[in-house]
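Colleague: I am new to this structure and would be grateful for a close look at a single part of it. Please describe the surface that faces one of the DNA strands, and then the strands that belong to that region.

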There are 2 protein chains.
Amino acid sequence: MHYTRDNMAGLLRSHDINPTHQRIEIAHALFSRQEHLSADQVMAIVNTRHSETSKATVYNTLKLFLEKGLVREVIVDPSKVFFDPNTGPHHHLYEVDTGKLSDIDAAHVQISGLPPLPPGMVTEGIDLIVRVRRKA
Amino acid sequence: MHYTRDNMAGLLRSHDINPTHQRIEIAHALFSRQEHLSADQVMAIVNTRHSETSKATVYNTLKLFLEKGLVREVIVDPSKVFFDPNTGPHHHLYEVDTGKLSDIDAAHVQISGLPPLPPGMVTEGIDLIVRVRRKA
DNA sequence: CACCAATCTGGACTTTGTCTAATTTCCGGA
DNA sequence: TCCGGAAATTAGACAAAGTCCAGATTGGTG
């Protein structure tokens, strides 16, 4: 599957998002790379040639994608949030010294023995982050 | 066990930290409450009566405590880092709408099926965060 | 007491992200 | 086609968390 801009329009529509120019560019940045990007990185990519998309739009759009379930938010680094185009069940491997973030397929990972939730609460999500470092 | 300021001095020494006035106050704030506090909250607590400790010192001290293994860093909220006086094995329950953070004892939680680490890497830690929300 | 190293401080600065008021774009109907 | 309004975008001011630095304080040792 190629992540062309045209396909992006369809993807956005299927998530109930009005596919504008800027939104298509931002979706394309995320999905064509299949990588975890910060808002900063998205802005840099989208504005490589000529400055086309404002900071406010990048933030608004990423938040919109989040609400519509098109991307997931990954919080591993206190200084910036990453956006993850992979919304399937998976965990994360974070290389502390380089800042590199990669996926761990959840298919074979089992988490058991969690205590019951406090009453009246529902699970929003379970984040499992394995922090690693290059051996000394 | 009471977390008196005198006991704090001993705790700091046992972690190879020179127990200064400010460090004792900061340790006391964290350990007497046994709660997750942000840098901001620590500063507010320490400076309730008269302003005694500068922002720089609060941040430096918390970073020092972190390096010396006296506290743990919990990254759940993109806007601020929490510091956790509990360094035993445990996970976290985060109430998304209220920002309340609590511990989950790791004793009965089992995580299995994680893939092998990339070669040359060592695990720094595994963070498991259960995000919950009040039922609609 | 004097000295030196460690520590602390105020404040300027940086970075990430939010907000707002004004403009631009898009689309349906006359 | 032209118009009007809603949706989207924009620049830039602003806010909050955290870093950095140069100078002042502190504390222990000879």
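Modeller: The following account begins with the DNA surface and then turns to the strands and to one whole chain.

The model is a predicted one, in which local features need pLDDT of at least 70 and side-chain atom pairs count only at pLDDT 80 or more, while totals for chains, interfaces and linings use all residues. Residues are numbered from 1 along each chain as its sequence is written, chains are lettered from A and ligands numbered from 1 in the order in which they are written, and side-chain values use heavy atoms, with hydrogens and water left out.

The surface near DNA strand D comprises 18 residues, where near means that a heavy atom of the residue lies within 4 Å of the strand. Thr20(A), Gln22(A), Glu52(A), Thr57(A) and Lys55(B) come nearest among these residues. By class, the surface holds five nonpolar, seven polar and six charged residues; Ala, Val, Leu, Ile, Met, Phe, Trp, Tyr, Cys and Pro count as nonpolar, Asp, Glu, Lys and Arg as charged, and the others, Gly among them, as polar. On the DNA side, sugar or phosphate supplies 74% of the atoms of strand D within 4 Å of the protein, and bases supply the rest.

Several polar contacts, that is, pairs of N or O atoms within 3.5 Å, involve phosphate oxygens of DNA strand D. A backbone N or O atom of Glu52(A) is 2.4 Å from one such oxygen. A polar backbone atom of Ser54(A) lies 2.9 Å from a phosphate oxygen of the strand. From chain B, Tyr59(B) places a side-chain N or O atom 2.9 Å from a phosphate oxygen of DNA strand D. The elements that give two or more residues to this surface are α2 (21-33) and α4 (55-67) of chain A, together with α3 (39-46), α4 (55-67) and β3 (80-84) of chain B. Helices (H or I, at least four residues) and strands (E, at least two) are DSSP runs, numbered from the N terminus.

Strand β3(B) deserves separate attention. Four of its five residues are buried, buried meaning under 20% relative accessible area with a 1.4 Å probe and protein chains only. β3(B) belongs to an open, antiparallel sheet of three strands in the order β1-β3-β2 of chain B, and the edge strands, β1 and β2, each pair on one side only. Two strands pair if DSSP finds at least two bridges between them. Strand β1 (residues 37-38) of chain B joins β3(B) through two bridges, and Ser38(B) has Phe82(B) as its bridge partner. Strand β2 (residues 72-77) of chain B joins β3(B) through four bridges, with Arg72(B) partnered by Asp84(B). β2(B) and β3(B) form a hairpin with two residues between them.

Strand pairing also links the two chains. Strands β7 (residues 121-134) of chain A and β7 (residues 121-134) of chain B run antiparallel over 13 bridges, and Val132(A) has Thr123(B) as its partner. β7(B) also pairs in the parallel sense with strand β4 (residues 90-95) of chain B over four bridges, where Leu93(B) is partnered by Val130(B).

Chain A as a whole has four helices and seven strands, in the pattern α-α-β-α-α-β-β-β-β-β-β along the sequence. Its C-alpha atoms fill a box of roughly 50 × 45 × 30 Å along the principal axes. Of the 136 residues of chain A, 40% count as buried.

Key
Polar contact = N/O pair within 3.5 Å; in protein donor to acceptor, adjacent residues only side chain to side chain. Buried < 20%, exposed > 50% of the residue type's maximum accessible area, 1.4 Å probe, protein only.
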